[in-house]
Amino acid sequence: MSRLRTLLVNLAVFALVAVGGGLGSAWYMIEAGSQLSTRTFGPWTAWTAAGRPDADPYTRAHTTRNALLPISSTLELTYKARTDSRGGKLTSACDYALVVEGLDSSWWNLAAYDTRGRLMANAAERYAFTSDTVMREPDGRAIITLARDARPGNWLPIGGGGRFVLILTLQDAAMASAAYEGAPGAKLPAIERVACR
Amino acid sequence: MTTAASLTLPLKAPRWLDALGWRTLAGALLAAGIVHILATLAVPLLGAGSGFARLRQDLPANRMVVWPPSAPGKEPLPFLMPDALYAVCHYDLAHDSLRVAVTLAHAGWLLSLHSAGGENFYAMPAQPLHHDQVSLTLVPGGEKVEFVPQPRRVGGPEANVASPTTEGLVIVRAPLKGLAWRQDAEAILRHASCTPVPR
């Protein structure tokens, strides 16, 4: 009886560690990424090899699993933010402000999605700003306000409830190359929480 | 004076831990590593939920299709850039090569070629100081092809691009500066083409 118990305990632990640990760690590396496959600059994270034919296995699995068709990171880089600059989860219960500056030489796009990558319905039918559509301050900066209800200036609606993510796409080969090496190449906008309900 | 032997842990380890051998733990960690590697490599190979797999069913082969701008509940793919029009061609090089002709009219416009695995093996952004018409011929990778001479449909430099897979996607992304530009952008995208070329 004692030997059977020993065998069962060992089998159970083996299965738990081998399958649970193996699949769990793979899921984490594919979904969240690590320093092997991503670079983090403040709240922004980029899969620096996304879209490249020589991408690492984690990046390949990440793009396949999430049904992404990324542009090669030698040309364009996509940054995702799930949190504000202080580490709080982005939620539509709060208002946020982004100041975009120093990206004058790049074409960029900033869009808000729910956590599954879907657009969030809003009466204004506004889902993104680009470097072409954003209104600028006299000094060239662009201040974008993320809020549930209408705000003056560059207002980007963030849905009626729940968490959301921001995607910043930068089309700038020099910056993409710098990010691949670990440097942001330019100042990415901070995401400041303004107020919460 | 306190000795190591006299120190006691505040919590007792569960009894079943006594039955656990170090060999089991070492073997389990090794097996976990193997499962980790196999799972990571399997995801792109299975690829059932990949971007290409999702679009392949709905797109005719070797024909350019213009999508309307994404709207909530009508996104062809997750995290697709909104406020942009897309022209997409599902290419199949099993029999013919493919001539792609597009116009990249404004900053932010982009032509990209993706293999069935999702890799972006070619991309051409709009370049304000250069010709905005792009023409290229997509050929199967590693295959030497003799082309039938044909008149060019558009101006600008023309190149052969080898596709690493027989099937894939040609995507033209046209960000909109505003509603006023939509008609103009749609008209330009409707002229984008992907046409089979005998080889």
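## A tour from helix α1 of chain A

Begin by selecting residues 2–31 of chain A, which form helix α1: at 1.5 Å a residue its 30 residues should span 44 Å, and because its end C-alpha atoms are 42 Å apart, the expected and computed lengths agree. Keep in mind throughout that this is a predicted model.

With the helix still selected, colour its buried residues, which are A:F14, A:A18, A:G22, A:A26, A:M29 and A:I30. An α-helix has 3.6 residues a turn, so residues three or four places apart point the same way. What do the buried residues of α1(A) pack against? Show α2 of chain A, residues 57–65, together with α1 of chain B, since these are the elements against which the buried residues of α1(A) pack. Then step past the end of the helix to A:G33, which follows α1(A) and has a positive phi, near 80°.

Next, colour chain A by its domain assignment, which gives domain 1 as residues 1–31 and domain 2 as residues 35–196. If you place a marker at the centre of each domain, taken over C-alpha atoms, the two markers will be 38 Å apart.

Now widen the view to the whole of chain A and switch to a cartoon, where three helices and ten strands can be picked out. Followed along the sequence, these elements come in the pattern α-β-β-α-β-β-β-β-β-β-β-α-β. Along its principal axes the C-alpha trace of chain A spans about 80 × 40 × 25 Å, and its radius of gyration is 21 Å, whereas a compact globule of 197 residues would have one near 16 Å. Colouring by burial will mark 42% of the 197 residues of chain A as buried. If you draw the contacts in chain A with a separation of 6 or more, 65% of them will join residues 24 or more positions apart.

Finally, bring both chains into view and select the contact between them, which takes 52 residues from chain A and 50 residues from chain B. Which elements of chain B each supply at least two residues of the side that touches chain A? They are α1 (22–46), α2 (51–56), β4 (110–115), β5 (120–125) and β8 (167–175) of chain B. Of the elements on that side of chain B, α1(B) gives the most, with 14 residues. Colour the side of chain B that touches chain A by residue class, and its residues divide into 28 nonpolar, 17 polar and five charged.

Key. Residues are numbered from 1 along each chain as its sequence is written. Chains are lettered from A and ligands numbered from 1 in the order in which they are written. This is a predicted model: local features need pLDDT of at least 70, side-chain atom pairs count only at pLDDT 80 or more; totals for chains, interfaces and linings use all residues. Helices (H or I, at least four residues) and strands (E, at least two) are DSSP runs, numbered from the N terminus. The radius of gyration is taken over C-alpha atoms; the globule rule is 2.2 Å times the number of residues to the power 0.38. A residue is buried if 20 or more other C-beta atoms lie within 10 Å of its own, exposed if 12 or fewer, and partly exposed in between; C-beta atoms are placed from the backbone. Two residues are in contact if their C-beta atoms, placed from the backbone, lie within 7 Å. Ala, Val, Leu, Ile, Met, Phe, Trp, Tyr, Cys and Pro count as nonpolar, Asp, Glu, Lys and Arg as charged, and the others, Gly among them, as polar. Domain bounds come from an automatic or database domain assignment. The expected span of a helix is 1.5 Å times one less than its number of residues.
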